[in-house]
Every structure is written in C-alpha cells, then in structure tokens.
Amino acid sequence: MYQDRMAPILAELLATVGWEDAPLDRLEIVDDGLSLPTPWPVTANAVASLAAVGLAASRIHEIRTGKKRAVRVSTRHSGLSMASSSYLLVDGKAVKFRDPFTGFYEAANDRWVFLHGNFPHLRDGVLEMLGVRHVDDVAQAVKKRDPFELEAEGIAKGLCIAAVRTREEWLAEPQADAVLSQKMLSVNRIGDAPLRSISSGAEPLSGIRMLDLSRVIAGPMSARTVAEFGGEVLLVSGPGLPSIESLVIDTGFGKRAAFVDLRKDSERLKRLLCEADIFLDSYRPGALAAKGFDAQSLSKKHPGIIHIDLDAFSEMGPWSGRRGYDSLVQATTGMCWDGKSKPRNLPCQPLDYLSGYLAAFGAMIALIRQYEEGGSWSVRLSLAQTSEWMWSTYSSLGVETAMPDASMTFEQATPFLAEYQTDFGLVTALKSPLQDAAWRWPSVPVPLGTHAPAWIA
C-alpha cells in the first residue's frame with residue numbers, strides 16, 4: 001500500500017519540526033494510482049507534504065473549536081498538484097507559460113548549461129551577455145563557452161544561468177555542504193510574545209492575516225494554502241515588477257492583491273504589518289531585510305509575528321544571495337543529468353509546489369506553538385533544501401516502478417478540475433487536493449493591484 005511506502009517520509013517531515021505527536025489517526029491515504037511519468041518518487045513527497053498541512057490545519061481547528069477534522073489525501077491528486085499550472089485553462093485554452101528561450105543548451109567540453117529567461121529582463125540580459133541579438137543565435141554562442149565560466153559571469157550580472165551538474169559534482173560544491181548542514185524546514189522561536197488568542201470563525205485559519213511578498217510559484221503557493229484554510233491573505237506586489245499571468249492565476253485563489261512601491265512607500269507596508277500575523281518573504285535573500293523586514297527586526301517591532309523566509313539556495317553558504325527557480329535548481333543539484341545523456345527537467349515543478357506546501361506547514365506549526373506557548377517564530381526553507389529532501393526520499397524508496405507512461409491529459413484530469421468565472425476569463429483549474437470534491441474557493445484570482453493595500457475591515 002502507498003501509505004506504507006510514504007509513511008517514513010511523513011514521519012521524517014514531522015520529526016524535522018518536532019511534531020512527532022501529530023494526530024496521524026485522522027489521516028487517510030487514498031491509493032488511487034500515480035499521475036507523474038517520472039521514476040522519481042515525487043508522489044511520496046507530495047503526499048507527505050499535503051498530509052502534514054492537513055494534519056496541522058486539523059490540529060489548529062481542534063484547538064479553536066474542539067472538533068477533529070479528518071484528513072484525506074489522494075495519491076493521484078497529490079501528484080497532479082505538483083504540476084498544477086499544467087492543468088490551467090483560460091476560456092478553454094492552456095495558458096502555462098515557458099519562454100522558448102528557457103532550457104538546456106550544449107556548451108563546450110561536452111557540457112550543458114541551463115538558461116532561464118521566463119522574464120524578459122533575464123532573457124535579454126543573457127542575449128546581451130552572449131553578444132547576440134536573436135534567440136536563434138544563442139545555441140551557437142553557448143557551444144563555444146565553458147559552462148562554469150558562463151554561470152559565474154551570469155550570476156555576477158544578476159542573471160539566472162546554471163552549469164548543469166551531476167549529483168557528484170553538486171555534492172562537491174561548498175554550497176551543497178551549506179545546504180546539507182541545515183534542516184530541510186526550520187521552525188524556530190525568535191522572540192517572546194503572549195499566547196495567541198483564539199479568534200472566531202469556521203475555518204482553521206479564520207482571523208489570521210498574512211502579508212504575501214512573493215512571486216512565481218513557491219512563495220505564492222504557501223500563501224494560497226493559508227488562504228485555503230481561511231486566512232486573510234494580501235498579496236503585495238511592486239507595480240513595476242514583471243509577472244507571468246498564468247502563475248498569478250494558478251497561485252492567486254483566495255487572495256486579495258495590492259500594489260505597494262517599497263522604494264517610495266515602505267511606510268505603508270509597515271502599517272499593514274501592525275495587523276499582520278504572518279509575513280512571507282520569498283524575494284532574493286537580503287532584498288527585504290535591507291529595508292528592515294528581516295525576522296529579527298519584525299519580531300522586536302511586532303511580537304507574535306511569524307516570519308517565513310523562502311529562497312532558492314538557502315540563507316547560508318557562498319550562494320546564499322543567488323537567484324534561482326525550480327528548473328534551475330533542479331539542473332544545479334544533479335536532478336537532471338547523469339553525465340551522459342542530454343539533461344532534462346522533471347515533468348513537473350516539485351521544488352516549487354513542495355516548498356510552497358512546506359512553508360505553509362511551517363507557518364501552521366508556528367501557530368500551534370503560539371497557541372500553546374506564545375512567542376514570535378521564524379520559518380526557513382529553500383528550493384535547494386527541498387531538493388535534498390527529494391534526494392533523501394529517492395535514496396530511501398528508490399524508483400517508482402508503477403509510474404505512468406505519460407502525463408494525464410486534460411480530459412483524464414477532468415474529475416480533478418473545477419471552473420471559475422474571473423476577470424481573466426473562464427478559468428479551469430485543479431481542485432484543492434486537501435478539500436472535499438464539492439469544495440470551492442471562497443474567492444477567485446484577480447489581476448495584480450486589484451485591491452487597495454489595506455486589510456478587510
């Protein structure tokens with residue numbers, strides 16, 4: 001049974017945050033098959049993450065109401081949740097975006113690099129660095145260059161370029177030592193505060209306010225998960241920052257969205273913080289801290305805050321300030337290349353989606369501890385740390401022998417999809433893997449900047 005297969009993975013996750021007495025008797029794993037065409041045991045990580053989130057929400061609900069919620073997790077649905085944006089339609093058309101520029105390129109010495117250009121400024125920066133005007137000329141220019149020199153030059157310019165590494169090469173990097181020296185998910189008390197009072201409301205996180213300062217997938221998914229369980233989430237974006245509309249939709253359910261220009265009006269964000277319970281920072285390490293929004297500063301100014309730090313390569317090591325995305329971290333940490341055949345990414349974005357759920361789980365564990373002992377809390381994780389968790393799972397469980405030959409089609413996934421009328425059009429999106437099939441989001445995604453930067457009165 002799949003429950004037996006993933007049980008040690010869940011136990012490891014719960015032990016990481018010191019929650020060995022989680023109410024596992026409330027958990028039901030529905031073994032209805034696999035949906036991801038990969039030998040990686042991604043579904044085990046997905047089921048464990050979702051189960052942890054569900055159990056934490058159930059425990060918070062019990063603290064608030066005395067009632068014990070059951071938690072039901074489907075293996076097939078869990079796998080689909082790792083590829084959520086792949087099952088997004090707007091007015092009947094698939095809208096998942098990936099710039100054709102982004103991907104693997106052959107470099108000198110029979111090596112490969114991964115170039116990430118899903119945002120125009122990143123793509124154009126690489127074109128300028130390579131001295132070419134057109135995307136069609138990139139492959140030829142890259143083939144003449146050493147991948148590690150390309151990576152170093154690109155990183156120095158603030159671009160997203162990775163020399164594709166084997167697992168052994170990644171483990172030889174000092175950054176790998178830094179990542180492996182840390183817990184996969186850290187939840188630590190960083191200050192004193194009274195016990196959290198129990199607010200009213202029907203959902204586990206009713207009355208909890210979260211400031212979501214995040215972009216792309218991992219961070220926004222953690223905030224979407226908080227919204228899913230009743231939290232009031234305000235997504236704060238910079239008015240000049242580029243975005244990918246399909247991901248705004250995919251991760252925007254349950255949220256309100258406002259613009260705040262931190263270069264001109266950081267005071268507005270500080271006012272919002274006065275009434276916030278959770279602050280999510282998934283920008284490049286140090287970017288918000290430089291403006292006084294780091295965990296220690298906020299815990300002193302706002303006792304009882306929960307501060308989430310979610311980044312690419314972790315807060316420690318020589319790469320701590322390096323930008324990164326799921327596919328780029330996969331390429332860096334040895335998930336894509338055996339040193340022989342052409343590298344390729346996994347058929348989903350598990351580092352993003354797993355990290356999003358794990359961040360939400362960490363925030364819920366912090367809430368549980370605030371109800372029990374008070375305090376201000378820090379939650380820390382990174383895509384690279386999630387990658388190491390996936391490697392640990394791979395080492396423990398081995399390959400998925402029952403994996404399907406191909407990803408599920410939209411037609412096959414129909415039972416797991418729901419429709420919503422939005423300002424973007426008629427959106428068809430994956431249902432929540434943690435809710436009853438009839439459950440619907442309380443609010444639909446909205447364009448960035450739709451709402452005023454204020455809490456609901």
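Which strands does helix α14 lie across? Keep that in mind while we walk through this predicted model. Helix α14 covers residues 350-373, and the strands beneath your finger as you trace it should be β8, β12, β13 (306-311) and β14 (376-382). Compared with β14, the helix runs at about 160°.

Now let's look at the sheet those strands belong to. It is an open sheet of 7 strands, and if you read across it you get the order β8-β14-β13-β12-β9-β10-β11, with mixed pairing. At the edges sit β8 (186-191) and β11 (255-259), each of which pairs on one side only. Going from one strand to the next, the twist averages 20°.

Zoom in on one pair of neighbours, β9 (residues 209-213) and β12 (residues 278-281). These two strands run parallel and are joined by 4 bridges. If you want a residue to start from, try Leu-211: its bridge partner in β12 is Phe-279. Helix α11 (residues 266-273) lies across both of these strands and also across β10 (232-237), running at about 150° to β9.

Next, some helix-on-helix packing. Two packed helices are described by the angle between their axes and the distance between the axes. For α1 (residues 2-16) and α15 (residues 383-397), the angle is about 145° and the axes are 11 Å apart. Their crossing is right-handed. On the α1 side, the contact is made by Arg-5, Ile-9, Glu-12 and Leu-13, while α15 brings Trp-389, Ser-392, Thr-393, Ser-396 and Leu-397. Sort the residues of this contact by type and you get 4 nonpolar, 3 polar and 2 charged.

Technical notes. Residues are numbered from 1 along each chain as its sequence is written. This is a predicted model: local features need pLDDT of at least 70, side-chain atom pairs count only at pLDDT 80 or more; totals for chains, interfaces and linings use all residues. Side-chain values use heavy atoms; hydrogens and water are left out. Axes are lines fitted to C-alpha atoms, for helices over the stretch in contact, and angles run from 0 to 180 degrees between N-to-C directions. A crossing is left-handed if the near helix is turned anticlockwise from the far one by less than a right angle, and right-handed if clockwise. Contact means heavy atoms within 4.5 Å. Ala, Val, Leu, Ile, Met, Phe, Trp, Tyr, Cys and Pro count as nonpolar, Asp, Glu, Lys and Arg as charged, and the others, Gly among them, as polar. Two strands pair if DSSP finds at least two bridges between them.
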